[in-house]
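User: I am new to this structure and would like to go through it step by step. Please explain each term when it comes up.

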Amino acid sequence: MKILVTGGAGFIGSNFIYYLLEHRPDTDVVCIDKLTYAGNVASLKPLEGEPRFRFYRGDIADAAAVEELFSRERPDVVVNFAAESHVDRSIDSPQVFLQTNVLGTGTLLDACRKYPVSRFHQVSTDEVYGDLPLGRRDLFFTEDSPLKPSSPYSASKASADVLCLSYLRTYGVPVTISRSSNNYGPRQFPEKLIPLAIARALNDRPVPVYGTGENVRDWLYVTDQCRALDLLLDQGEVGKVYNFGGGEARSNLEVVKAVLSALSVPDSLIEYVPDRKGHDLRYALSCARAEKELGWRPAVSFADGIERTVRWYLEHRDWWENILSGKYLKENSLVRRI
Ligand code: NAD
Ligand code: TDX
């Protein structure tokens, strides 16, 4: 079995590659990653010399590169993580989100028509459903909730989801889709709330909280996401969408306070800044399908996950300091393109 992981030099993709190599001893893993600002070859450095792993630097929206990769590697399964993933960047510059998240997904799907696979899995997000009101903790999104994205990022992810389903109906490409809540854990780029708060606090710099800090996210530790995807590849039904939520809803203010407390840093570092445009209020997922059909439930609590995450950033200071200084880009630029 050979699994192609796209976007594997990013946060969740790199964690998934390590998960696969550890839990599927008979599986080879191939990665394609463009190494944008969010990709970091240092995240995959421990795999140098691993015979079951190969890395290609390439763009999923580059049809010639994707064709070359598929003809050379002939993957059995594709798991598509590659994306522009940061909401704030999509508000500043939406075009690259359309290019990678929509056209890139389409380019991979076309390759799967020419070189058939047993599964194309699209890694999507709870943000495609839009948001829920703050005061209604009884409301959840199910897989049948309408798509109502708020940002160019979530609109591009929703577009990719429906494109995937159209390739199943029209061409028979065997797609599945997962929509997960906010992930956190090792190797997350320090522009996202939790690693940003950690890096700022460790450098004794203000931690920005948008608006009032009341917006609510549901936090999923990254290994729980990896285990869910692993189960889905074996037991998920083609054509179906699966929600993966952490069941750990917290306001942003609660999250930042939890991080600062884990680092024994005072709350006085919190700085309220102007709100994000169109800022989604609350996300919450019903995960009954994943529980019933995949036997999946998150195992890592928020308290435990924050502790593990903070420890990882404390023990891997060079990883994120090289990002803050820009040094990692030099290392990325040395990797040859496909
Ligand atoms: P990330 O930004 O950390 O990593 C994205 C990776 O994709 C990077 O390595 C980047 O270099 C690569 N990439 C970007 N454009 C590419 C292109 N055109 N061709 C090839 N590679 C390209 O993102 P992440 O947080 O690991 O998210 C992975 C996936 O999971 C995304 O599809 C995202 O939408 C989805 N998701 C993320 C979260 C979350 O909380 N992080 C939650 C739900 C869903
Ligand atoms: O400095 C900050 N201050 C702040 O208050 C940042 C970066 C964020 N925030 C707020 C905005 C959000 O309400 O914290 C919340 C989390 O923000 P992000 O880390 O940017 O994540 P979010 O916008 O919720 O999206 C994330 O989860 C869903 C991922 O980036 C997406 O890729 C995923 O689909």
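User: Which residues does Phe120 touch, not counting residues up to four places away in sequence?

Analyst: This is a predicted model in which local features need pLDDT of at least 70 and side-chain atom pairs count only at pLDDT 80 or more, while totals for chains, interfaces and linings use all residues. Residues are numbered from 1 along each chain as its sequence is written, chains are lettered from A and ligands numbered from 1 in the order in which they are written, and side-chain values use heavy atoms, with hydrogens and water left out. With contact taken as heavy atoms within 4.5 Å, Phe120 touches Val78, Asn80, Thr105, Leu108, Leu109, Cys112, Cys164, Val173, Pro174, Val175 and Thr176.

User: Which helix gives the largest share of the largest nonpolar core?

Analyst: A nonpolar core is a set of buried Ala, Val, Leu, Ile, Met, Phe, Trp, Tyr and Cys residues joined through side-chain atoms within 4.5 Å, where buried means under 20% relative accessible area, exposed over 50% and partly exposed in between (1.4 Å probe, protein chains only). The largest such core has 64 residues, of which Phe16, Ile17, Phe70, Phe120 and Phe244 touch the most other members. Helices (H or I, at least four residues) and strands (E, at least two) are DSSP runs numbered from the N terminus, and the largest share of this core, seven residues, comes from helix α1 (residues 11-23).

User: How many residues does the other core have, the one that includes Ala199 and Val310?

Analyst: That core lies apart from the largest one, and Ala201 and Val259 are also among its members. Its size is 31 residues.

User: How much of ligand 1 does the protein cover?

Analyst: Counting a residue as near if one of its heavy atoms lies within 4 Å, there are 28 residues around ligand 1, and Ile12, Asp33, Ser85, Tyr153 and Lys157 come nearest. Among the polar contacts (pairs of N or O atoms within 3.5 Å; within protein, one must be able to donate a hydrogen and the other to accept it, and residues adjacent in sequence count only if both atoms are side-chain atoms), a polar side-chain atom of Asp59 lies 2.8 Å from a nitrogen atom of ligand 1. Ligand 1 has 830 Å² of accessible area on its own (Shrake-Rupley method, 1.4 Å probe; for residues, only the protein chains shown count as cover), and the part covered by the protein is 97%.

User: Which element supplies the largest share of the shell around ligand 1?

Analyst: At least two residues of this shell come from each of α1, β5 (119-125), α5 (152-171) and β7 (182-184). The largest share, three residues, comes from β5.

User: How much of ligand 2 does the protein bury?

Analyst: Thr125, Glu127, Tyr153, Arg276 and His279 come nearest of the 18 residues around ligand 2. One oxygen contact, at 2.5 Å, is with an N or O atom in the side chain of Tyr153, and an oxygen atom of ligand 2 also lies 2.7 Å from a polar side-chain atom of His279. Taken alone, ligand 2 exposes 650 Å², and the protein buries 93%.

User: Is His279 buried or exposed?

Analyst: His279 sits in the loop between β12 (270-273) and α9 (288-294), and its side chain makes a polar contact of 3.3 Å with that of Asn215. Because its relative accessibility is 12%, His279 counts as buried.
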